[in-house]
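Me: Please choose a single part of this structure and describe it closely, working outward from there to its surroundings. I would like one connected account, with each term explained where it comes in.

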Amino acid sequence: MTGGGPDGYGHGDHGHDGHRTDGYGHGDHGHDGYRTDGYGHGGHGHDGYRTDGYGHGGHGHDDHLHHGAGHGGHGYGNPAHPGPQDGGQGYGSGYGDDYQHEGPARPGAAHPQPYSYPHAYEQSDPFAAPEPYPPHDTPYAPYTPRPVTGGQAPQDVPVAPAPVAPAPAAPTPSTPTGAPRTRHALRRDPRAHWAMLCLILLVAATALVFAGYGRHEIAATGAPREHCSTAPETRGEGPVVQVDRNGIVRSAAPPDGTVALTYDGGPSPEWTPRLLDVLAARHAKATFFLTGSEAAAHPDLVRRIVADGHELGSHTYTDVDLAQVSDTRADLELSFTQNALGASTGLGTRLLRLPHTTALTAFCEDQWEAGRRLGQAGYVLVAADGKSVLQLTGSPQAVDETEKLLAHPGSTRHTSVGQALGLTGTTYHVSTLAEWKGAAFVQAQNGSRAFADAMTWLLVVAGVITAVRLVLLLAVARVHVRRTRSKRRRGAPRLPPVTEPVSILVPAYNEEAGIEATVRSLLASTYEAIQVVVIDDGSTDRTFEIAESIHDPRVMVVRQPNAGKAAALNTGLAWAHHDIIVMIDGDTVFEPDAVRRLVQPLADPRVGAVSGNTKVGNRQGVLGRWQHLEYVIGFNLDRRMYDVLECMPTVPGAIGAFRRDALAGVGGVSEDTLAEDTDLTMALCRAGWRVVYEESAIAWTEAPATVRQLWKQRYRWCYGTLQAMWKHRRAVVEGGQSGKLGRRGLLYLLLFQTVLPLLAPLVDVFAVYGLLFQDPGQALGVWLGFTAVQVGTAVYALRLDRERFEPIWTLPLQIVVYRQLMYLVVVQSVVTALLGSRLRWHRMQRTGTATETLDRTAAVGRSTAG
């Protein structure tokens, strides 16, 4: 039979002449597969000219220029069929027999590497192109895999990629002696930054607690009691009380004609300057019982009080009712106040007014007990009687009352408590050490307040930015949907369909659990013009054996020492035959029409790469559902936006299509970062290519099944993305497609995938603080509102992807648990990058559960067909 033109397969006793494209001969004799993939699968496979003429019988004849593999006496020799024209033992790279059955036969030269199946190869150097076949005696040049560096080279010119000098690695069971070790396995992951992160969060929590304590948000006491039993002890007649160490109480009152002016609270920028002006105008003095937290916040006002000749007293640090707190808390309140006064003026005070008290005779029993204990510690208790000691609460009203009082003073002298009683030592100079201690205390309080205020604003700004982002995502997603539907409407202008053959690269490392399902899903594709290149990257399991056991002429298996995914992809590019390249992961399962749909956008000559739609296959557990929602809500909604804004930063490694010349123009897949897919996509954008999203091209991937595996995967993703962003940072100032990537894509990544996640732990600490110590109803309302918006977004995203709504019930828990994990991944990645460490490759342990998706898809297809 003769299979002429594209895909000429011969399926009889003699399969002759598959000209130019995929001429397969499947009979006793498979002859003459010209130019592309002429496979002979019978007794004799003859004449596969130019590309992949495989003879799978006794003799493989005349495979000129490209891969003439024959399992027999001629061509690629097989010791099972010895003969005078044998190509050597194993992988014999010999061109046997004559060109077009003319001329003398020439023996083949043995290849240095073993060879087991016609579609399985071993390559010793993963960083170099496969070795060319021996020279032939015809004018045609021997086949060399097509180059992927330095731009597009002619197909038949034997140019190999520039070799990369690998670093030596110690021999291991999985890495042959002399094999290069992966370039990223340079240092152990840093661990000290976890202690630093915990320390930062602890400091942040402490600052919030300290600020909240000073603002009466934490440990605030209740309102004073209206009725209480008074103390039975005699407290004397005067409003000023001293208690010696033996517990003896002595009281005093200013003499007639002298009134002590006292003010509780403050200092306050609102009323203290006005009050000082009134007192200065009337040459009056007063005692200011200051609150320590306010004194620390306004040290300039404290210094002015002292400079004007007034007296300082303590009103505790937070205006707390000392009768309702422990002795330890009471001592802490007074110590904090002394620190604040010492830092501001270098002075301490022995005067104390118990908050929420007035006349001494009105003291409750517990208030008196607290006051007496502090009196024995050296404090002078100052109450009020309304005559000789006036008590005014600091406020604008107190300023007006003072002004009226001093307007007609008569013969009354208005002065401070110490001057009125002739007391000395009511204030005293503190030591230098105490002054420094107070200064540190004041700095800590002011810093904690500034931090709390900043966190309040940050929470507001983050909420607004997040809301704007959600609105943008939904609006742009709607635009994307309209564009997609307009292209599918009848009468809409359409580009011609893409029918060119496609090379699919499947890099695999220890993927025995899913590699067979991956390859078979590709072979079941409705797009039949494919070449599947499986690159086994030094697997230590049965990946290679399973892949090479798939007997299909469209499958080629190449084996190399372990060198990483990027090196494996470059090896695959060297063996790829076609100008459209699809790259997938070794655990990805394609839907039957995924390849066809994925490559259609390449009909537009401006498009250099296409991102497919990745879905989570193993979504049975809570962790799987969380990742499923993340893929649908986060990744896919983002890709719709990137598509519309023309700033796609990542074509996922699980499913992506590329032009060969676009890849050649950027030098192939770079090994500079751990996120080779992001790095490659950004390089294509900077080279002027458009990168688009094809939502209908669906591939199923296996998501991490444990938190540890998830952490490792996202850690590598995030770290690699940071590397790629830094590598392509100049795109921000460039023009064209590069500028769109820089000023749209990179800034979006910087804000929403770096800055906000870095701040998220602090925001969460503040949210917990608000829930515990501020208005819990308000905090809960904000959280419920945010969750409701997220749920609405999830419903819309799931509807766009035609997914069921069932996983939504896990979304609130995802916000609480899963999102925090992702934030910590970003924190660790940024710290790792700042420390200058280089991250090792992290590989996920596969279970093959994504294969269930292929089975379910097939079952649905059968039921639909039935």
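Reply: Leu741 is found in helix α18, which spans residues 736-773; helices here are DSSP runs of H or I with at least four residues, strands are runs of E with at least two, and both are numbered from the N terminus. The model is a predicted one, in which local features need pLDDT of at least 70 and side-chain atom pairs count only at pLDDT 80 or more, whereas totals for chains, interfaces and linings use all residues. Residues are numbered from 1 along each chain as its sequence is written, and side-chain values rest on heavy atoms, with hydrogens and water left out.

Leu741 has a relative accessible area of 0% and is therefore buried, a term for residues under 20% relative accessible area, with exposed meaning over 50% and partly exposed lying in between (1.4 Å probe, protein chains only). Its C-alpha atom is separated by 4.3 Å from that of Cys647, a residue 94 places away along the chain. Leaving aside residues up to four places away in sequence, Leu741 touches Cys647, Met648, Pro649, Met682, Cys685, Arg686, Ala731 and Leu746, where contact means heavy atoms within 4.5 Å.

Two of these partners, Met682 and Cys685, are among the buried residues of α16. That helix covers residues 676-686, and nine of its eleven residues are buried, so α16 is largely enclosed by the rest of the structure. Besides Met682 and Cys685, the buried set in α16 consists of Glu676, Thr678, Asp679, Leu680, Thr681, Ala683 and Leu684. After α16 comes Gly688, with a positive phi near 100°.

Leu680 and Leu684 of α16 also lead to Phe658, whose contacts include both of them along with Asp579, Ile580, Ile581, Met583, Leu602, Gly608, Ala609, Val651 and Leu663, again not counting residues up to four places away in sequence. Phe658, with Leu505 and Met583, has the most contacts inside the largest nonpolar core, which has 56 residues; such a core is a set of buried Ala, Val, Leu, Ile, Met, Phe, Trp, Tyr and Cys residues joined through side-chain atoms within 4.5 Å. Helix α17 (residues 707-727) gives the most to this core, contributing seven residues. A second core, separate from it and made of 36 residues, includes Val506, Val555, Val582 and Ile584.

α17 is also a packing partner of α18: the two helices meet at an angle of about 145°, with their axes 11 Å apart. Axes here are lines fitted to C-alpha atoms, for helices over the stretch in contact, and the angles run from 0 to 180 degrees between N-to-C directions. Their crossing is left-handed, a label used if the near helix is turned anticlockwise from the far one by less than a right angle, with right-handed used if clockwise. On the α17 side the contact involves Thr721, Leu722 and Met725, and on the α18 side Leu746, Leu749, Leu750 and Thr754. These residues divide into five nonpolar, two polar and no charged, counting Ala, Val, Leu, Ile, Met, Phe, Trp, Tyr, Cys and Pro as nonpolar, Asp, Glu, Lys and Arg as charged, and the others, Gly among them, as polar. Leu746 thus appears twice, as a residue touched by Leu741 and as part of the α17 contact.

Further along α18, a second helix packs against it: α20 (residues 811-834) lies at an angle of about 120° to α18, with the axes 8 Å apart, and this crossing too is left-handed. α18 contributes Gln753, Thr754, Pro757, Leu758, Ala760, Pro761 and Asp764, while α20 contributes Gln820, Tyr823, Leu824, Val826, Val827 and Val830. By residue type, this contact comprises nine nonpolar, three polar and one charged. Thr754 takes part in the contact with α20 and also in the contact with α17.

As for the setting, the protein has 21 helices and 26 strands, and buried residues make up 55% of its 866 residues. Among contacts between residues at least 6 apart in sequence, 70% join residues at least 24 apart, and the pair Leu741 and Cys647, 94 residues apart, has such a long separation along the chain.
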